[in-house]
Amino acid sequence: MSARMDRGVVTQSLAQIGACGLFLLTLLAAIPRSFRYGRETVRQIWFVGAMSLTIVMTCGLFVGMVLGLQLYDVLSIFGGTSATGTVVAIAIYRELGPVVTALLFAGRAGTSITAEIGLMRATDQLDAMEMMAVDPIAYVAAPRFLAGIVALPLLGVVFCAMGVFGGHLVGVTWLGIDNGTFWSNMTATVDVHKDIINGVLLKSIAFGIVVSLIAVYQGYTTPPTSEGVAYATTRTVVASSIAILALDFVLTSFLI
Amino acid sequence: MTDPVSSRSDDTIVRVRGLTTVLNGKTIFDSLDLDIPRGKITAIMGPSGTGKTTLLKHITGQMRGDRGEVSVDGQNVPDLSRENLFRLRERIGYLFQNSALLTDFDVFENVAFPLRQHTKLPEVLIRNIVLTKLQAVGLRGAARLMPTELSGGMARRVALARAIVFDPALILYDEPFVGLDPIALNQVLKLIRTLNKTLGITSILVAHELAAVQHVADHVFLIANGKVVAQGDAATLANDGSPWTRQFFGGEADGPVPFQYPAGDYGTALGFPGGSL
């Protein structure tokens with residue numbers, strides 16, 4: 001019974017991934033047509049990017065602060081508190097920055113994209129566009145997909161900056177690490193290509209593609225009911241979170 | 001470039017032949033045949049669940065049947081490429097049952113939406129066209145309201161203004177009279193008639209309101225059990241005396257269309273000993 005249920009879940013998940021892949025192809029084909037809706041894409045970048053700044057900045061600050069505190073505590077055992085800035089920066093640039101930002105983005109922007117498109121489906125707005133000879137994939141789905149890919153790396157950079165600032169606030173301002181040591185150790189160790197470009201930007205772009213695709217797909221294919229929209233929104237968070245963490249491992253194993 | 005809808009001269013604009021559609025195991029259309037005359041107002045009537053809206057969706061290519069042909073102005077809709085289907089739809093207006101206004105835009109922008117998407121008209125011309133259409137449905141003063149600020153009847157009239165903004169050759173109305181107060185209903189009836197008379201627009205409307213249909217429709221199809229069971233002008237149909245028309249227009253529970261959805265024995269369901277009541 002349990003084995004049969006497991007097989008059912010696996011089959012269903014594979015079917016979802018396959019359908020999502022086919023949807024991605026449709027989406028990619030619609031992107032050139034969506035360029036004529038540039039204003040809509042910019043509006044979506046504002047909505048999913050600028051409107052997510054508060055949560056990303058706040059969380060980045062606290063993640064950096066708690067990281068600074070924990071690392072100072074551990075490193076003080078070995079007399080290595082001067083490395084606090086370095087370790088905070090590397091942990092944030094390589095992992096916490098892109099991953100936490102993507103998780104926050106899935107919760108803040110991904111769900112709103114899914115709910116918005118799902119409600120448009122439920123209230124026949126997508127069908128109305130079809131009837132007005134406007135392709136909803138190009139007008140609705142593609143701008144939101146592109147907006148996510150543009151916004152997430154930018155948010156990732158902001159998160160990292162706030163994280164390092166948080167680490168500095170705790171390490172230097174509060175716990176008394178020397179300011180010069182904090183920055184010089186960090187700048188001497190952090191590698192722009194390995195930690196910033198590969199760590200923050202590349203991962204964030206990959207997460208942006210995955211989260212936006214899942215959010216748009218879930219919204220577009222949701223059953224046109226209030227329950228359907230609710231489930232789709234939940235699925236966006238669950239599927240995005242799993243995809244982010246799994247993809248992070250795969251990317252890290254290639255990039256490290 | 002030929003006009004995909006209005007350039008042909010024959011008298012039938014929509015031709016349905018042998019349309020068979022099965023949805024979730026239920027036969028919606030069983031080799032349905034019907035012809036919609038050009039330049040007339042045609043009403044599609046029938047009991048709930050007989051596929052009247054589904055028929056409209058076949059005409060616009062939103063749905064495809066399992067078998068048969070649905071042609072609009074000589075073009076078989078299921079065979080059209082997406083590009084050609086969109087070209088066809090640019091000449092078709094569609095009034096949705098629930099209005100389907102775009103909630104991000106105000107009334108003005110909703111009506112202007114098709115113009116902005118398919119034309120490069122100067123803003124002043126777009127403004128004049130939109131205001132003309134809104135004036136026609138009595139909502140020029142509501143141009144800057146958001147859809148959430150409209151009543152159901154107002155939203156329907158805005159959707160109607162949007163459907164006619166391109167002066168289409170064919171308009172499909174899905175339940176256009178639901179939720180309208182008597183004043184708005186009368187104005188919408190007049191508008192449908194005026195559009196038909198002055199611009200020669202063909203109208204297909206799905207409706208249940210017999211009095212309204214009698215007032216406006218030139219031809220009525222009564223659909224039941226997946227087929228056309230009666231057709232003609234509304235007054236004739238209402239008095240033709242067949243079991244279908246007698247039950248439908250008389251609103252009788254007994255007749256060829258069962259009022260009750262198929263179910264088991266009522267007495268047994270209520271737990272009475274011996275079953276039947």
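Here are a few friendly notes on this predicted model of chains A and B.

1. **The contact between the chains.** A good place to begin is where the two chains meet. Chain B puts 15 residues into the contact and chain A puts in 10 residues. On the chain B side, helix H2 (82–89) and helix H3 (107–118) each supply at least two residues. The largest share there, 4 residues, comes from H3(B). By character, the side of chain B that touches chain A divides into 7 nonpolar, 6 polar and 2 charged residues.

2. **The nonpolar core.** The largest nonpolar core has 136 residues, and Val211(A) and Leu172(B) are the ones with the most contacts inside it. Helix H4 of chain A, residues 84–122, gives this core its largest share, 16 residues. If you would like to look around Leu172(B), leave aside residues up to four places away in sequence; Leu172(B) then touches Leu56(B), Ile59(B), Thr60(B), Ile92(B), Tyr94(B), Leu95(B) and Ile204(B).

3. **Annotated spans in chain A.** An unreviewed UniProt entry places the feature "transmembrane region" at residues 45–67, 74–93, 145–175, 196–217 and 237–255 of chain A. Two of these spans can be set beside the model. Residues 45–67 of chain A are 83% helix and 0% strand, with end C-alpha atoms 30 Å apart. For residues 196–217 of chain A, the end C-alpha atoms lie 30 Å apart, and the span is 100% helix and 0% strand.

4. **The open sheet of chain B.** Please trace this one in the order E2-E1-E4-E5: the 4 strands form an open sheet in chain B with antiparallel pairing. Strand E2 (26–37) and strand E5 (75–76) of chain B are the edge strands, each pairing on one side only. Further in, strand E1 (residues 12–23) and strand E4 (residues 67–72) of chain B run antiparallel and are joined by 5 bridges. Val16(B) has Val70(B) in E4(B) as its bridge partner.

5. **Strands E3, E9 and E10 of chain B.** Here the pairing sense is worth following strand by strand. Strand E3 (residues 41–45) and strand E9 (residues 219–224) of chain B run parallel, joined by 4 bridges, and Ile44(B) stands opposite Phe221(B) in E9(B). With strand E10 (residues 227–232) of chain B, E9(B) pairs in the antiparallel sense over 5 bridges; Leu222(B) has Ala230(B) in E10(B) as its bridge partner.

6. **The hairpin turn.** Which residue takes a positive phi in the hairpin of E9(B) and E10(B)? That residue is Asn225(B), with a phi near 50°, in a hairpin that has 2 residues between the strands.

Key: Residues are numbered from 1 along each chain as its sequence is written. Chains are lettered from A and ligands numbered from 1 in the order in which they are written. This is a predicted model: local features need pLDDT of at least 70, side-chain atom pairs count only at pLDDT 80 or more; totals for chains, interfaces and linings use all residues. Two residues are in contact if their C-beta atoms, placed from the backbone, lie within 7 Å. Ala, Val, Leu, Ile, Met, Phe, Trp, Tyr, Cys and Pro count as nonpolar, Asp, Glu, Lys and Arg as charged, and the others, Gly among them, as polar. A nonpolar core is a set of buried Ala, Val, Leu, Ile, Met, Phe, Trp, Tyr and Cys residues joined through C-beta atoms within 7 Å. A residue is buried if 20 or more other C-beta atoms lie within 10 Å of its own, exposed if 12 or fewer, and partly exposed in between; C-beta atoms are placed from the backbone. UniProt positions are given in the numbering used here, feature names are shortened, and annotations may be inferred rather than shown by experiment. Two strands pair if DSSP finds at least two bridges between them.
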